[in-house]
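Please read the following alongside the sequence and the coordinates. The account starts with the chain as a whole and then turns to single residues and pairs.

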Amino acid sequence: MTFDWLSKYWPLLIDGAIQTVALLVISVVLGFILAIGLAFAMVSGGPFTRMLARGYSTAFRGTPLLIQLWLLYYGIGSLLPMVPGLRQSFLWPVLREGFFFAALSFTLNYAAYEAEVLRGALLSVPKGELEAGRALGMSRFMLVRRIWLPRAIRTALPTIAGEVVLQLKATPLAFTVTVMDLYAVAYKVRQDTLLVYEPLLVVTLFYVLLTALITRVFGVVEAQVPIRR
């Protein structure tokens, strides 16, 4: 095995790592925010709202992420240039890039899975705690902010950590829509140098280290906010 190519390709590897981390952070943060709304819609929404939220979750959890990504990129993405004035707008530099569609599809997909996790966590919060909050005169918003949501997140933390790791392992799919993430750089190295195992080993090491970091961060968070039974 030889790793002489690292001296030439390390800037690309760093850029690819940044792209990978950016996709992960964007999809997890925005997806989690969307998942909170979906989870509450499933648990305490009206019949129509509950039906929409469950339909969204079922649709995105029931289809492969790769198909969702391609539908957005090759489907909606191919129609965007036909929108009058869009090419001349300030949004076009963002909308024309595969990164936008990758981040969007990852976010929507992550939200569907995380919504189910939070739904279960919200339902597991003891009703006595919620009734105690109402008895103290808390408004619905304050009850959610002070008791219901924080309690549910504490319960779901171990599962959330696992979902974040799974989301990290899904990021190489962005390569299929021209995003130069870390896997795309490894693919380019293989094409240029005909080396197969070495670039894949470097990429594997990055994912292992990032997974260890994610696990460590969530471990620290769990230790700071222990789940109360």
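Helices are taken here as DSSP runs of at least four residues in state H or I, numbered from the N terminus. The model is a predicted one. With helices assigned in that way, the chain has nine of them and zero strands. Read from the N terminus, the order of elements is α-α-α-α-α-α-α-α-α.

The C-alpha trace spans about 70 × 50 × 30 Å along its principal axes. Of the 229 residues in the chain, 41% are buried. Among contacts with a separation of 6 or more, 79% join residues that are 24 or more positions apart. The accessible surface amounts to about 12,900 Å², and carbon and sulfur atoms supply 69% of that area. The chain carries 20 positive and 12 negative charges, and the mean positions of these two sets lie 12 Å apart.

Charged side chains are a convenient place to go into detail. Side chains of opposite charge can pair when their charged atoms come close. How many salt bridges does a search of the whole structure find? The count is four, and three of the pairs are described below.

Helix H5 holds both partners of one pair, arginine 119 and glutamate 116, which are three residues apart, or about one turn of the helix. Their side chains meet in a salt bridge with an N to O distance of 3.1 Å. The two partners fall into separate burial classes. Arginine 119 has a relative accessible area of 21% and is therefore partly exposed, while glutamate 116, at 18%, is buried. The cut-off that matters here is 20%, because buried means a relative accessible area under that value.

A second salt bridge joins the side chains of glutamate 129 and arginine 151, at 3.2 Å from N to O. This pair links distant parts of the chain: glutamate 129 belongs to helix H6 (residues 127–135) and arginine 151 to helix H7 (residues 140–170), with their positions 22 residues apart in sequence. Glutamate 129 is partly exposed, as its relative accessible area is 29%. Arginine 151 has a relative accessible area of 8%, so this residue counts as buried.

In the third pair, glutamate 97 forms a salt bridge with arginine 96, and the closest N and O atoms are 3.8 Å apart. Glutamate 97 is partly exposed because its relative accessible area is 40%.

Helix H5 (residues 98–124) also contains asparagine 109. Is asparagine 109 buried or exposed? Its relative accessibility is 7%, so asparagine 109 counts as buried. Which residues is asparagine 109 in contact with, leaving aside neighbours within four places in sequence? They are Phe60, Leu65 and Gln68.

The next stop is the chain start. Methionine 1 sits in the segment before helix H1 (6–44). With a relative accessible area of 72%, methionine 1 is exposed. Not counting residues up to four places away in sequence, methionine 1 touches Tyr197, Glu198 and Leu201. Methionine 1 and phenylalanine 141, by contrast, are separated by 59 Å from C-alpha to C-alpha, with a sequence separation of 140 residues.

Methionine 1 is also one of the residues in a nonpolar surface patch, together with Phe3, Val196, Tyr197, Leu200 and Leu201. The accessible area of the patch comes to about 620 Å². Valine 196 is placed in the loop between helix H8 (182–193) and helix H9 (197–224). Its relative accessibility of 35% is why valine 196 counts as partly exposed.

Two backbone angles remain. Most residues other than glycine have a negative phi. Leucine 194 is not a glycine, yet its phi is positive, at about 65 degrees. Leucine 194 is found in the loop between H8 and H9. The relative accessible area of leucine 194 is 72%, so the residue is exposed.

Threonine 178 likewise has a positive phi, near 70 degrees, in a residue other than glycine. Where is threonine 178 placed? Threonine 178 lies in the loop between H7 and H8. Threonine 178 is exposed, as its relative accessible area is 57%.

Key
Residues numbered from 1 in each chain as written. Predicted model: local features only at pLDDT ≥ 70, side-chain atom pairs only at ≥ 80, totals over all residues. Heavy atoms only, no water. Helix = DSSP H or I, 4+ residues; strand = E, 2+ residues; numbered from the N terminus. Buried < 20%, exposed > 50% of the residue type's maximum accessible area, 1.4 Å probe, protein only. Contact = heavy atoms within 4.5 Å. Areas by Shrake-Rupley, 256 points an atom, 1.4 Å probe, with all protein chains shown as cover. Lys, Arg positive; Asp, Glu negative; His and termini not counted. Charge placed at Lys NZ, Arg CZ, Asp CG, Glu CD. Patch = residues over 30% accessible without salt bridge, like charges linked within 9 Å, V, L, I, M, F, W, Y side chains within 5 Å.
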